[in-house]
Amino acid sequence: MVFAVEEINQSPHLLPGVTLGYHIHDSCALHPWATRAALSLVSGDSSTCTPGAAPLALSEEGDEKGVPLIIGGASSKTAMILSRVLGPLSVPLMSYQSSCPCLSDRRQFPNFFRTIPSDIFQARAIASLAIYFKWTWIGAVVANNDYGLEAVKVFREETQESGVCMAFVETLRREKIKNDARRAALAIKASSAKVILIFTWYTDVRELFLQLAEMNVTDRQFLASEAWSTSGNLLQNPVTSKVATGVLGTAVRSSPIAGFEDYLRSLNPSLRPDDDILRKFWEKQFACRPQVSKNTTMSDRWASLPPCGGEESLESVDNLFTDTSQLRQAYNVYLAVYAAAHALHDHLGCRNTRAVLRDGSSICSSPRNVKPAELLQHLNEVNFTTPQGERLYFQGADIPAKYDLVNWQMTPDGSLKLVLIGRVDGYEIHINDTAVQWSSASSQVPTSVCSENCPPGSRVATRKGEPVCCFDCIPCPEGEISNSTNSPNCERCPVEFWSNTEHTVCILRQLDFLSFNETLGITLTAVAMSGTVVTTAVFVVFLYYRHTPMVRANNSELSFLLLLSLKLCFLCSLLFIGRPSSWSCRFQQAAFGISFVLSVSCVQVKTIVVLAAFRSARPGAGALMKWFGPGQQRGSVCVFTCVQIIICIIWLSLNPPEPKAVFDTPGLKVTLKCDMASAVGFFLILGYIGLLACTCLLLAFLARKLPDNFNEAKLITFSMLIFCAVWVAFVPAYVSSPGKYMVAVEVFAILASSYGLLLCIFAPKCFIILLRPEKNTKKHLMAR
């Protein structure tokens with residue numbers, strides 16, 4: 001303060017022709033002493049002040065009147081008391097260290113100003129650091145008072161929307177610091193949070209670090225408030241270096257003051273004989289007795305010291321007194337003095353003609369008649385540039401918030417040093433990431449999360465009863481995606497799309513059908529073609545041996561027609577394989593229905609003929625066969641088949657099947673199948689085939705024991721049993737089969753029933769024709 005006052009008094013531009021004076025007193029951090037001293041200063045009776053008083057005050061040189069402004073109230077509690085006491089007198093109070101947010105209330109403290117930011121701003125700055133480094137799981141240890149509790153409140157408000165959660169909040173009480181520090185240390189050790197916010201005084205932090213060192217907790221990253229981030233006592237403590245490497249925190253901004261170091265080193269008690277503080281420092285530093293004024297009271301220790309030789313100087317002394325590299329609270333005092341001087345300068349120059357007092361008089365006066373109320377009005381309007389080039393003005397009680405970002409880094413000798421790694425200017429953070437040394441003594445940013453981020457392809461599922469930062473990652477179900485980290489939900493893909501394997505993007509679904517190129521399609525095609533070849537071979541054998549008794553006895557005309565229809569049955573199965581089209585969808589069911597009705601009709605007529613032949617052998621039944629001659633047989637087959645043809649024509653004319661992609665089934669592949677808009681026609685076709693098959697089975701069963709050495713009714717019975725069994729099993733299998741396998745089931749049913757008819761009816765006959773020709777005689781066939 002003295003340096004700033006002398007610098008202003010020597011300035012030709014600021015307060016020219018006016019000399020500032022001052023009174024400096026030590027309150028010893030006692031509120032009653034500060035209050036008594038402040039009242040004595042403003043009343044003009046400074047001589048009655050005891051050694052406890054307001055820290056700083058400005059007055060005119062030689063003026064015995066009350067000072068118009070007081071710089072002081074180092075603690076927020078002292079500042080609140082002084083502001084309330086001095087408020088009715090309109091005496092401005094300017095603090096350089098009181099940071100309580102409550103002091104920003106102009107209704108309660110209209111005469112209060114400060115050159116240190118409110119604690120709200122450093123809580124916001126630390127919150128910005130947590131967001132910047134993506135720390136979402138943070139523990140807190142705070143003082144059990146407004147300083148700590150208000151900081152946690154602001155921190156939570158600032159980080160809530162960014163998903164930052166508090167793992168725990170422990171409070172420290174000064175009167176029970178050992179117990180509280182141990183409790184907080186246990187909470188830190190037990191928590192999974194790797195980043196710990198500490199908002200309390202350095203004495204509390206020292207006890208906390210002692211407890212953590214005893215528990216060997218050395219892997220936590222601490223965020224420091226300005227109350228302890230620059231504490232030399234902590235930095236020089238060997239226990240601290242074990243626990244607190246990499247501390248990152250805010251600090252009261254520092255700034256170099258030009259000429260201040262030279263000013264300190266030029267100080268000498270001989271030039272300031274009335275400066276008791278400088279005399280005591282000199283005695284301790286040089287262990288000698290400086291020359292002082294005759295009125296100075298000498299202590300016993302002072303009298304025992306040898307006199308100084310006069311060569312002593314601070315030019316070569318390096319200690320905390322001469323160290324001006326970290327001017328923080330000192331710089332705030334410097335700003336406070338300049339703010340007061342500029343307010344006085346504006347007042348004496350009548351620059352603010354808009355400002356008037358309540359009585360209507362203009363705020364202008366002579367240097368000998370400065371009223372505190374006048375200076376208070378001008379302080380509200382002050383706006384100037386400091387010698388360091390900084391713009392200074394008040395927003396209510398506060399100046400624009402500025403902080404230093406500091407980092408505790410390990411040196412090669414194992415000690416800690418304070419390194420400036422960035423600055424905070426309002427809401428903007430400027431930080432050099434590469435210059436930070438973290439708790440692990442590396443450049444790798446530590447991670448502090450309750451749960452790891454959910455990758456794309458999953459969603460966040462919060463845990464019941466736990467903070468939102470603690471969650472589980474649930475993979476997105478089929479057909480849903482999430483393409484961002486920590487997605488709250490999965491989005492369903494459009495119906496034409498499906499999720500990829502990672503569930504991160506929707507891709508176009510692929511059309512799937514029973515193809516000739518796949519294994520199943522190739523197998524079914526091979527089986528169908530084999531059936532066609534076998535049927536053709538049987539047809540050739542029967543044609544070649546058409547005059548033998550075996551062929552002639554089994555109604556050769558119907559046998560050839562049956563073989564032809566079975567060949568059509570095998571070939572119609574190929575219509576179900578391949579990409580469905582409008583024409584293939586219409587013809588496949590019609591071809592299937594007609595060819596099978598033709599086959600079953602031939603078998604049924606053959607069965608009827610067998611029954612009629614044996615019945616006609618009885619007396620009086622000779623005319624029965626005339627109703628089942630070749631013409632009637634062909635006519636019966638045609639009638640049965642025409643019924644099926646009529647059903648197919650009506651169905652295909654009214655509501656034919658059309659190819660349609662089935663998006664209802666899950667999966668990347670979409671089945672392209674023939675969609676039956678009306679299943680009535682399809683079930684009529686199947687029902688008609690079933691009716692004929694059941695009738696044929698019943699007739700064949702009745703004729704199975706007819707007295708003939710080679711009874712074809714037995715073969716027909718077996719074939720129709722297989723036929724009916726296949727199609728009874730077909731219905732549930734068809735309905736329950738997904739996608740293209742539904743088509744494969746129908747093809748399999750067609751092939752199985754066709755093979756059943758072919759093998760059961762014709763295999764025994766071919767065996768006799770080709771391998772047992774001695775049995776291919778009329779005598780053998782007619783034997784009972």
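Select Phe3 first and display its surroundings: leaving aside neighbours within four places in sequence, Phe3 is in contact with Ile257, Ala258, Gly259, Phe260, Tyr263 and Tyr334. This is a predicted model, which should be kept in mind at every stop that follows. Phe3 belongs to helix H1, which covers residues 2-9, and with a relative accessible area of 10% it is buried, since that value is under 20%. If you then add Leu264 to the selection, you will find its C-alpha atom 8.9 Å from that of Phe3, although the two residues are 261 apart along the chain.

Before going on, it may help to zoom out to the whole chain. The protein chain has 784 residues, of which 50% count as buried, and its secondary structure comprises 23 helices and 24 strands. Among contacts between residues at least 6 apart in sequence, 66% join residues at least 24 apart.

**Helix H2 and the residue after it**

Select residues 31-43 next, which form helix H2; its 13 residues reach 18 Å from the first C-alpha to the last, close to the 18 Å expected at 1.5 Å a residue. Colouring by accessibility will pick out Ala34, Thr35, Ala37, Ala38, Ser40, Leu41 and Val42 as buried residues of this helix. Just after H2 comes Gly44, whose phi is positive, at about 95 degrees.

**Two residues with positive phi**

Move on to Ser90, in the loop between helix H3 (76-86) and strand S4 (93-95). The phi of Ser90 is near 60 degrees, a positive value in a residue other than glycine, and its relative accessible area of 25% makes this serine partly exposed.

Lys134 can be selected alongside for comparison, in the loop between H4 and strand S6 (137-143). Its phi is likewise positive, near 60 degrees, in a residue other than glycine, but at 67% relative accessibility Lys134 counts as exposed.

**Helices H4 and H5**

From Lys134, step back to H4 itself (residues 119-132) and show it together with helix H5 (residues 146-159): the two pack with their axes 8 Å apart, at an angle of about 45 degrees. H4 and H5 are therefore oblique to each other, and their crossing is right-handed. To see the contact in detail, show the side chains of Asp119, Ile120, Gln122, Ala123, Arg124, Ile126, Ala127, Ala130 and Ile131 on H4, and those of Tyr147, Ala151, Val154, Phe155, Glu158 and Thr159 on H5. Sorted by class, this contact of H4 with H5 consists of 10 nonpolar, 2 polar and 3 charged residues.

**Cys288 and its surroundings**

The next selection is Cys288, in the loop that runs between helix H11 (276-286) and helix H12 (300-304). Is Cys288 buried or exposed? With a relative accessible area of 4%, Cys288 is buried. Leaving out residues up to four places away in sequence, Cys288 touches Trp282, Glu283, Leu305, Pro306, Pro307, Cys308 and Glu312. A distance label between the C-alpha atoms of Cys288 and Gly309 should read 8.5 Å, for a pair of residues 21 apart along the chain.

**Ser439 in its loop**

Then go to Ser439, whose place is in the loop between strand S15 (428-431) and strand S16 (458-462). At 14% relative accessibility, Ser439 counts as buried. Which residues does Ser439 touch, not counting those up to four places away in sequence? The residues to highlight are Thr218, Asp219, Arg220, Gln221, Thr245 and Gly246.

**Helices H15 and H22**

For the final stop, display helix H15 (residues 519-544) with helix H22 (residues 740-771), whose axes come within 10 Å and cross at roughly 25 degrees. H15 and H22 are therefore roughly parallel to each other, and the crossing here is left-handed. The contact is made on the H15 side by Leu520, Leu524, Val527, Ala528, Ser530, Gly531, Val534, Thr535, Val538, Val541 and Phe542, and on the H22 side by Tyr741, Ala744, Val747, Leu751, Tyr755, Leu758, Phe762, Lys765, Cys766, Ile769 and Leu770. Colouring these residues by class gives 18 nonpolar, 3 polar and 1 charged for the contact of H15 with H22.

How values were computed:
Residues numbered from 1 in each chain as written. Predicted model: local features only at pLDDT ≥ 70, side-chain atom pairs only at ≥ 80, totals over all residues. Heavy atoms only, no water. Axes fitted to C-alpha atoms, helices over the stretch in contact; angles between N-to-C directions. Helix = DSSP H or I, 4+ residues; strand = E, 2+ residues; numbered from the N terminus. Parallel < 35°, antiparallel > 145°, perpendicular 65-115°, else oblique. Left-handed = near helix turned anticlockwise from the far one by under 90°. Contact = heavy atoms within 4.5 Å. Nonpolar A, V, L, I, M, F, W, Y, C, P; charged D, E, K, R; others polar. Expected span 1.5 Å × (residues − 1). Buried < 20%, exposed > 50% of the residue type's maximum accessible area, 1.4 Å probe, protein only.
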